Amino acid sequence: MVEIIAEIANAHQGKPKEAIMLAKAGYLSGADSVKFQVYFADDFISENHSRYHHFKNQSFSKKDWKKIIFETKKLGVKIYCDVLGEDAFKFIEKFNIDGYKIHSSDVSNLKLIKKISKTNKKLFISTGGVKIPELYKTLQILKNYKNEIIFMHGFQSYPTNLEDTQLQRIKILKNEFGNRVSYGYQDHISGGSPNNIYNCLIALGFGTEYIEKHITINRKKRGIDYYSSIEPIKFKRFTN
């Protein structure tokens with residue numbers, strides 16, 4: 001069986017009510033789980049960075065996150081979270097979610113990985129842009145991890161061109177790591193492309209057990225993260 005994850009990312013446009021609405025839309029569209037990206041701008045990015053204010057405007061307060069997680073749990077759907085920074089992990093750990101995800105940018109964040117290694121939740125690791133030796137180093141830290149570890153192939157280039165998805169790399173990862181981990185695919189092809197659904201079906205042929213798909217309410221608004229997102233009607237067709 002494949003597990004379909006509705007990726008909320010920043011499609012909420014910095015609005016807590018929209019984050020809850022997207023989680024509900026993913027659930028009603030047939031997703032098995034939803035995933036949020038949890039970060040606090042001051043922990044995640046330098047104040048001097050050109051993108052600081054972008055992330056500051058997109059991030060939620062701890063009070064907002066508490067409500068978002070609480071309302072999503074009411075749906076009975078599994079909840080996973082990208083934890084972008086140690087503060088994000090320390091905070092979200094209190095809510096007993098179903099799993100964490102380590103973003104590609106944190107694969108070398110050994111301090112964060114060591115903290116996560118003490119938990120017993122499902123753990124996703126994004127492999128986009130990550131070299132094989134880095135993944136071996138991460139697995140070494142996680143050698144006593146008791147729950148499932150999933151390598152998620154794929155990267156976001158707003159959107160990712162079909163020829164750049166390189167699904168063949170899933171085979172390379174499987175040749176290297178075998179059954180030490182499970183495998184998944186995070187799809188970032190344009191939401192308007194006819195290949196948006198079929199590329200995921202091809203990924204299944206490589207033995208992926210998890211498919212992560214971005215969802216948005218209305219692509220026509222061209223909001224943040226609309227590039228690779230699909231609307232609930234198409235998402236339901238995709239899950240079917």
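# Close-up views of a predicted barrel model

**View 1. Strand 4 has buried residues on both of its sides.** From strand 4 (residues 99–102), Gly99 and Lys101 point one way, Tyr100 and Ile102 point the other way, and all are buried. Here buried means under 20% relative accessible area, exposed means over 50%, and partly exposed is in between, using a 1.4 Å probe and protein chains only. Helices (H or I, at least four residues) and strands (E, at least two) are DSSP runs, numbered from the N terminus. A word on the model itself: it is predicted, so local features need pLDDT of at least 70 and side-chain atom pairs count only at pLDDT 80 or more, while totals for chains, interfaces and linings use all residues. Residues are numbered from 1 along each chain as its sequence is written, and side-chain values use heavy atoms, with hydrogens and water left out.

**View 2. Strand 3 pairs with strand 4 and with strand 2.** Two strands count as paired if DSSP finds at least two bridges between them. Strands 3 and 4 are joined in the parallel sense over three bridges, and Tyr80 stands opposite Gly99 in strand 4. Strands 2 and 3 also pair in the parallel sense, over six bridges, with Cys81 in strand 3 as the bridge partner of Phe36. Five of the six residues of strand 3 are buried, so this strand is largely enclosed by the rest of the structure.

**View 3. Eight strands close into a barrel.** The strand order is 1-2-3-4-5-6-7-8, with parallel pairing. Neighbouring strands of this sheet are turned by 25 degrees against each other on average, direction ignored. For such angles, axes are lines fitted to C-alpha atoms (for helices, over the stretch in contact), and values run from 0 to 180 degrees between N-to-C directions. Further round, strand 6 (residues 149–153) and strand 7 (residues 182–186) pair in the parallel sense over four bridges, and Phe151 is found opposite Tyr183 in strand 7.

**View 4. Helix 4 lies across strands 2 and 3.** This helix spans residues 62–73, and the strands beneath this label are strand 2 (33–38) and strand 3 (78–83). Helix 4 runs at about 175 degrees to strand 2.

**View 5. Glu93 sits in the loop between helix 5 (86–92) and strand 4.** With a relative accessible area of 38%, Glu93 is partly exposed. Leaving aside neighbours within four places in sequence, Glu93 is in contact (heavy atoms within 4.5 Å) with Tyr100 and Thr119. Glu93 and Lys121 are 28 residues apart in sequence, and their C-alpha atoms are 10.0 Å apart in space.

**View 6. Pro159 belongs to the loop between strand 6 and helix 8 (168–177).** Pro159 counts as partly exposed, at 26% relative accessibility. Not counting residues up to four places away in sequence, Pro159 touches His188, Ile189, Ser190 and Tyr227. A separation of 9.2 Å lies between the C-alpha atoms of Pro159 and Asp225, which are 66 residues apart along the chain.

**View 7. The largest pocket has a volume of about 560 Å³.** Of its 32 lining residues, the closest to the centre are Gln37, His103, Gln156, Tyr158 and Asp225. Strand 2, helix 3 (52–58) and strand 8 (210–214) are the elements that give two or more residues to the lining. By class, this lining has 10 nonpolar, 14 polar and eight charged residues. Ala, Val, Leu, Ile, Met, Phe, Trp, Tyr, Cys and Pro count as nonpolar, Asp, Glu, Lys and Arg as charged, and the others, Gly among them, as polar. On a 1 Å grid over the protein atoms alone, a pocket is an open set of points with protein on both sides within 12 Å along at least five of seven lines, whereas a cavity is a set where a 1.4 Å probe fits but cannot get out; lining residues have an atom within 4 Å of a point. Points are joined across faces, edges and corners, and a volume is the space filled by probe spheres set on them.

**View 8. The second largest pocket holds about 240 Å³ of space.** Among the 16 residues lining this pocket, Ile197, Leu201, Arg237, Phe238 and Thr239 are the closest to its centre. Helix 9 (195–204) and helix 10 (232–239) each give two or more residues, and helix 9 has the largest share, six residues.

**View 9. The structure holds one cavity of 30 Å³ or more.** Its lining consists of Gly154, Phe155, Thr160, Thr165, Tyr185, Gln186, Asp187 and His188.
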